[in-house]
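Q: Could you take me through some of the labels used for this protein, and show how each one follows from a number and a cut-off?

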Amino acid sequence: MRLSQFHLATVKEVPADAEIASHRLMLRAGMIRKLAAGLYTWSPLGLRVMRKVEAVVREEMDRAGAIEILMPTIQPKELWEESGRWEKFGNQLLKIKDRKEQEFCYAPTAEEVVTDFARNELKSYKQLPVNFYQIQTKFRDEIRPRFGVMRAREFLMKDAYSFHLTQESLAETYEVMYQAYSRIFTRLGLKFRAVQADTGAIGGNASHEFQVLADSGEDAIAFSDGSDYAANIEKAEALAPSANRPAPTAAMQRVDTPRVRSVEDVMAHFGVTADRVLKTVLVRGKDGLVALCLRGDHEINEVKAGKLAELPDESVLASEEEILAATGTRPGFIGPVGLPDSIPVIVDRSAAALADFICGGNANDTHYTGANWERDARISRIEDIRKVVAGDPSPDGHGTLHIGRGIEVGHIFQLGAKYAEALNATVLDDQGKKQVMLMGCYGIGVSRIVAAAIEQRHDEAGIIWPEPMAPWRVAVCVINPKNSPEVNAAAESLYKELVARGIETVWDDRGLRPGAMFADMELIGIPHRVVVSERGLAAGTLEYRARDAADSSAITRDELFELLG
């Protein structure tokens with residue numbers, strides 16, 4: 001590709017709302033242009049990169065035995081009502097009407113449509129297992145789209161859905177897809193971890209996220225230093241302390257604590273560390289308020305809490321009015337001692353091991369010191385309801401946990417019978433009896449991978465693409481081509497030979513000054529830069545620099561071809 005014949009529009013300045021590196025650099029490199037909030041046009045440069053990702057994804061899906069289909073992005077309300085998600089999916093579901101006033105949604109995912117396809121196409125167990133996939137645009141009406149294509153409303157996604165007669169068959173395909181995803185991200189040159197994850201709104205049983213490791217990642221990942229254990233922090237189990245709870249050694253006393261409401265206030269007032277303080281949070285349950293108790297140095301894991309039998313699938317804080325009506329106390333002074341019997345007291349494992357702790361006094365401006373479980377405060381049940389922290393023992397019994405950051409780019413689920421049962425998707429088994437199929441679901445954010453790669457690989461000058469994702473592998477740059485026919489001819493000869501060898505090459509023949517030309521090549525992240533100049537011609541060499549190298553070096557054409565392979 002001659003760059004003079006390509007649309008490359010780099011810029012120096014970017015909007016102030018471009019908060020993260022990938023958003024800034026994709027705008028500066030001219031890869032995307034904003035149309036509206038969360039909606040972007042992909043330029044020829046950006047599309048070249050995204051198509052590279054798409055090609056690897058498609059090759060590995062085909063290799064894994066999945067079969068490509070294409071489903072509509074506009075989906076009828078009736079299907080979503082069958083699955084029970086028309087209302088449950090929430091405001092992210094963009095609902096629209098056609099001229100006949102019939103209701104539809106713009107697909108955020110395709111479980112309903114693919115299950116409808118399967119229930120009409122699959123009749124016998126002999127057709128199973130089967131795995132359908134598509135690479136298609138999705139839309140989720142994010143309340144606050146941000147970070148460019150990282151959290152856009154419209155995005156390109158690969159979603160696959162497998163159908164099975166038995167759990168064993170589902171588990172086998174799940175493992176095949178796990179390995180396929182590992183190959184995809186390895187081939188794309190990304191550092192990633194597969195982590196155990198919560199199934200969330202999609203539902204189902206087993207689930208793994210594939211996280212590209214980056215300091216700017218939105219997701220916290222817990223991983224062991226003694227094994228390959230890794231899990232999203234929402235999923236990671238916090239083990240109970242190995243030691244038994246100490247026996248009480250102090251009498252409980254009520255202490256006046258005006259203006260002492262937060263854990264930090266309590267620490268300062270009593271001169272203790274946060275692990276000696278018990279905090280109690282009141283949330284809305286199915287049948288009234290529920291008390292969740294944990295140590296002052298720990299945070300509630302809302303996903304874990306939402307799974308408690310007493311809660312309606314989510315953890316919602318009680319309002320100040322609700323707390324006051326139930327306890328007679330303002331928030332900041334709630335504790336387990338003397339709570340009404342109507343309020344279940346669910347205690348985190350670590351908090352349940354405390355003795356002689358400090359807690360709210362259930363009266364304004366008061367706290368208790370020397371409080372103890374069973375003697376002073378009841379426990380309805382002990383559960384794991386907190387987020388793990390660095391230094392916690394690994395749940396698999398090997399090593400301790402560390403916390404890193406990641407960007408979710410893939411997610412696989414064992415859905416089980418959830419959607420097939422709701423939509424009555426059955427096949428006849430070998431006895432001629434109808435049996436509900438089991439399903440797996442496997443998603444990859446194709447457009448998101450592009451941004452995630454930049455977050456992982458960039459410097460002050462711009463993007464540093466892994467070679468499999470780069471728009472071109474090599475850039476041939478020409479110094480002063482208009483005034484030196486020999487230099488221009490040498491550059492054209494080199495360009496043509498690289499292309500003939502199957503090496504994707506861009507020839508920067510725009511005639512820019514060296515500084516501007518080199519800055520563009522660094523910004524758009526071309527892995528290999530070769531400069532043709534009069535001085536190099538005289539010496540019989542080319543100036544070569546790898547994008548991630550600090551310095552350039554002089555090499556011959558033969559050495560260049562050997563380096564590029």
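Q: Why is E112 called buried?
A: In this predicted model, E112 has a relative accessible area of 0%, and since buried means under 20%, the residue E112 is rightly called buried.

Q: What makes the contact between E112 and R85 a salt bridge?
A: The closest N and O atoms of E112 and R85 are 2.7 Å apart, and the label requires a side-chain nitrogen of Lys or Arg within 4 Å of a carboxyl oxygen of Asp or Glu, so the pair qualifies as a salt bridge. The two partners belong to distant parts of the chain, with E112 in helix α5 (residues 111–121) and R85 in helix α4 (residues 85–88), 27 residues apart.

Q: How do you know whether R85 is buried or exposed?
A: The relative accessible area of R85 is 3%, and because the limit for buried is under 20%, R85 counts as buried.

Q: Why are R183 and E60 given different labels, when the two form a salt bridge with each other?
A: The closest N and O atoms of R183 and E60 are 2.7 Å apart, which satisfies the limit of within 4 Å. This pair ties together parts that are 123 residues apart in sequence, because R183 lies in helix α6 (residues 167–187) and E60 in helix α2 (residues 44–63). The labels rest on accessibility: E60 is at 2% and therefore buried, whereas R183 is at 24% and therefore partly exposed, given that partly exposed lies between 20% and 50%.

Q: Which residues are joined with R183 and E60 into one network?
A: Salt bridges with shared partners join E59, R63 and R187 to E60 and R183 in one network.

Q: What makes E492 and R2 a salt bridge?
A: Their side chains meet at 3.6 Å, N to O, and this value is still within 4 Å, so the pair is called a salt bridge. E492 lies in helix α13 (residues 485–500) and R2 in the segment before α1 (21–28), so the pair ties together parts that are 490 residues apart in sequence.

Q: Why are E492 and R2 called partly exposed?
A: E492 has a relative accessible area of 24% and R2 is at 26%, and because buried means under 20% and exposed over 50%, both values fall in between.

Q: How many salt bridges does the whole structure hold, and what share of its residues is buried?
A: The structure holds 47 salt bridges, and 52% of the 565 residues count as buried.

Note on methods: Residues numbered from 1 in each chain as written. Predicted model: local features only at pLDDT ≥ 70, side-chain atom pairs only at ≥ 80, totals over all residues. Heavy atoms only, no water. Helix = DSSP H or I, 4+ residues; strand = E, 2+ residues; numbered from the N terminus. Buried < 20%, exposed > 50% of the residue type's maximum accessible area, 1.4 Å probe, protein only.
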